[in-house]
Amino acid sequence: MAEPGISTASLPDIVFMLLFFFMVTTVLREQDILVEQKIPAATQLQKLQKKTLISYIFIGKPKNTALYGVEPRVQANDALIQPADIRQWVNQERDMLPEADRGLITISIKADRDVKMGPISDVQFELREADARRVLYASIGKVVKD
Amino acid sequence: MGARKKNRPSQEVNAGSMADIAFLLLIFFLVTTTIASDKGILNILPPKQDPNVPPPDIKVNERNIFTILINANDQLLVEGEYSDTEGLDMKVKEFILNFGNPTDEEAVQLFNGLPPSLKALARRLPESSDDPGEAVVSIKTNRGTSYATYLEVFDLVKKAYFDIYAERVNLDTDEYRGLTGKDDAEVSLQDRGKEGIPMAISIAEPDKLGGN
């Protein structure tokens with residue numbers, strides 16, 4: 001007579017498969033976020049087809065207020081930068097894209113919801129100057145109550 | 001050699017704890033990784049202005065502009081009336097589809113091609129927009145307006161447009177927005193939704209008063 005109970009011999013295989021799936025699909029964060037990020041919620045979210053076209057810019061109150069103060073700051077790549085440096089940063093990001101896609105560069109503005117429009121519009125002004133006019137206001141989904 | 005081995009108990013490594021080890025690794029990766037979300041609201045900024053060339057003086061009838069002002073206290077002034085975000089998307093929809101004075105043949109055809117549910121929104125008010133091709137929604141903020149409020153308003157205006165587009169092609173708003181244009185069928189759906197009703201959202205330069 002067969003032993004009762006389910007064989008768990010294949011359990012390690014299943015779990016390893018899950019493990020590899022997660023290892024392959026996830027991207028480790030390459031940069032430390034130096035500013036606060038409470039992303040606002042919205043309903044009309046869109047997803048971009050090509051992720052490679054997106055460059056991220058972070059706006060918020062610095063986490064390290066002793067060093068950087070309490071006024072909202074802009075972070076691009078690894079460092080906090082001045083709005084005036086955005087143009088140069090955009091050009092660097094654009095140069096990394098293949099030639100045909102350069103006009104389609106999209107800047108994802110990841111701004112904290114407590115930031116005022118002043119810093120945001122300064123950034124948008126610089127983006128216009130840099131001719132990177134496609135902007136994505138990063139936001140999370142909101143549950144709509146009907 | 002072979003003879004000796006027979007007498008011994010089997011020499012396999014106990015694999016019973018393998019599942020535990022793998023689970024531990026799995027949970028570690030689940031906890032430490034964050035799935036990057038690339039979702040957001042897309043906005044196209046206006047082209048940069050040449051300081052030597054004055055901005056073009058475009059004559060737009062006042063009734064074709066739907067003005068939303070947001071002050072530093074996050075209060076809304078919609079078309080000159082104190083208001084809040086409640087029902088703003090409906091107001092925008094009614095403004096776009098007002099068809100107060102469709103001037104050319106195209107606008108009339110556009111109206112005739114609309115589904116009945118959208119035709120019902122055309123109230124033909126003299127103080128609202130002439131036709132969807134002319135209508136512009138303008139959002140003006142203050143430097144002290146909070147980003148959250150601005151995004152909420154921008155979101156609602158986008159919702160009004162997406163609602164109309166989706167209704168025209170018989171889709172759910174979420175389904176329409178989910179169209180990525182990866183094949184011809186999706187592109188044609190997108191185009192049919194948008195045709196004749198451009199998404200004209202103007203973001204005015206914020207004024208300096210009361211901000212930082």
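User: Which residues touch the most other members of the largest nonpolar core?
Analyst: A:I59 and A:I109 do, in a core of 54 residues. Keep in mind that this is a predicted model.

User: And which element gives that core its largest share?
Analyst: Helix α6(B) does, with 13 residues.

User: Stay with A:I109. What does it touch?
Analyst: Leaving out residues up to four places away in sequence, A:I109 touches A:I57, A:I59, A:V123, A:V135, A:L136, A:Y137 and A:A138.

User: How many residues of β6(A) are buried?
Analyst: Six of its six residues are buried, so the strand is mostly covered.

User: Which β6(A) side chains point which way?
Analyst: A:T106, A:S108 and A:K110 point one way. A:I107, A:I109 and A:A111 point the other way. All of these are buried. In a regular strand, side chains alternate between the two faces of the sheet.

User: What does β6(A) pair with, and in which sense?
Analyst: β3(A), residues 54-60, pairs with β6(A) in the parallel sense over six bridges. β7(A) also pairs with β6(A) in the parallel sense, over four bridges.

User: Which residues are bridge partners there?
Analyst: On the β3(A) side, A:I57 has A:I109 as its partner. A:Y56 stands opposite A:S108. On the β7(A) side, A:T106 is partnered by A:R134.

User: Is β3(A) enclosed or open, and why?
Analyst: β3(A) is largely enclosed by the rest of the structure, because five of its seven residues are buried.

User: Which way does β3(A) run against β4(A)?
Analyst: Antiparallel, with four bridges joining β3(A) to β4(A), residues 73-76. In that pairing A:I57 stands opposite A:A76.

User: Switching to the interface. How many residues are in contact?
Analyst: 47 residues of chain A are in contact with 46 residues of chain B.

User: Which elements of chain A supply at least two residues each?
Analyst: α1 (11-25), β2 (46-47), β6 (106-111), α4 (117-129) and β7 (134-138) of chain A.

User: What is the chemistry of that side of chain A, by class?
Analyst: The side touching chain B has 25 nonpolar, eleven polar and eleven charged residues.

User: Which strands pair across the two chains?
Analyst: β2(A) pairs with β1(B), residues 39-44, in the antiparallel sense over two bridges. There, A:K47 stands opposite B:K39.

User: Remind me, what do strands of a sheet pair through?
Analyst: Through backbone hydrogen bonds, either parallel or antiparallel.

User: OK, chain B. What is the strand order in its open sheet?
Analyst: Five strands, in the order β4-β3-β2-β5-β6, with mixed pairing. The edge strands are β4 (81-83) and β6 (201-207), and each pairs on one side only. Neighbouring strands are turned by 25° against each other on average, direction ignored.

User: How many bridges join β2(B) to β5(B)?
Analyst: Five. β2(B), residues 65-70, and β5(B), residues 136-142, run parallel. One of the partnerships is B:F66 with B:V137.

User: Where does α6(B) lie?
Analyst: α6(B), residues 147-168, lies across β2, β5 and β6 of chain B. The helix runs at about 175° to β5(B).

User: Which elements of chain B have the lowest and highest mean pLDDT?
Analyst: α1(B), residues 2-7, has the lowest at 54, and α6(B) has the highest at 90. Chain B averages 81, with 89% of the residues at 70 or above, that is, scoring at least 70.

User: What scores does the predictor give the complex?
Analyst: An ipTM of 0.78 and a pTM of 0.80.

User: Last topic, backbone angles. What is the phi of B:D74?
Analyst: Positive, about 65°, although B:D74 is not a glycine. B:D74 is in the loop between β2 and β3 (76-78) of chain B.

User: Why is B:D74 classed as partly exposed?
Analyst: Because 18 other C-beta atoms lie within 10 Å of B:D74. A residue needs 20 or more to be buried, and 12 or fewer to be exposed.

User: What about the phi of B:E79?
Analyst: The phi of B:E79 is positive too, about 50°, and B:E79 is not a glycine. B:E79 is in the loop between β3 and β4 of chain B. With 15 C-beta neighbours inside 10 Å, B:E79 counts as partly exposed.

Terms used
Residues are numbered from 1 along each chain as its sequence is written. Chains are lettered from A and ligands numbered from 1 in the order in which they are written. This is a predicted model: local features need pLDDT of at least 70, side-chain atom pairs count only at pLDDT 80 or more; totals for chains, interfaces and linings use all residues. Two residues are in contact if their C-beta atoms, placed from the backbone, lie within 7 Å. Ala, Val, Leu, Ile, Met, Phe, Trp, Tyr, Cys and Pro count as nonpolar, Asp, Glu, Lys and Arg as charged, and the others, Gly among them, as polar. Two strands pair if DSSP finds at least two bridges between them. Axes are lines fitted to C-alpha atoms, for helices over the stretch in contact, and angles run from 0 to 180 degrees between N-to-C directions. A nonpolar core is a set of buried Ala, Val, Leu, Ile, Met, Phe, Trp, Tyr and Cys residues joined through C-beta atoms within 7 Å. pLDDT is the predictor's confidence in each residue, from 0 to 100.
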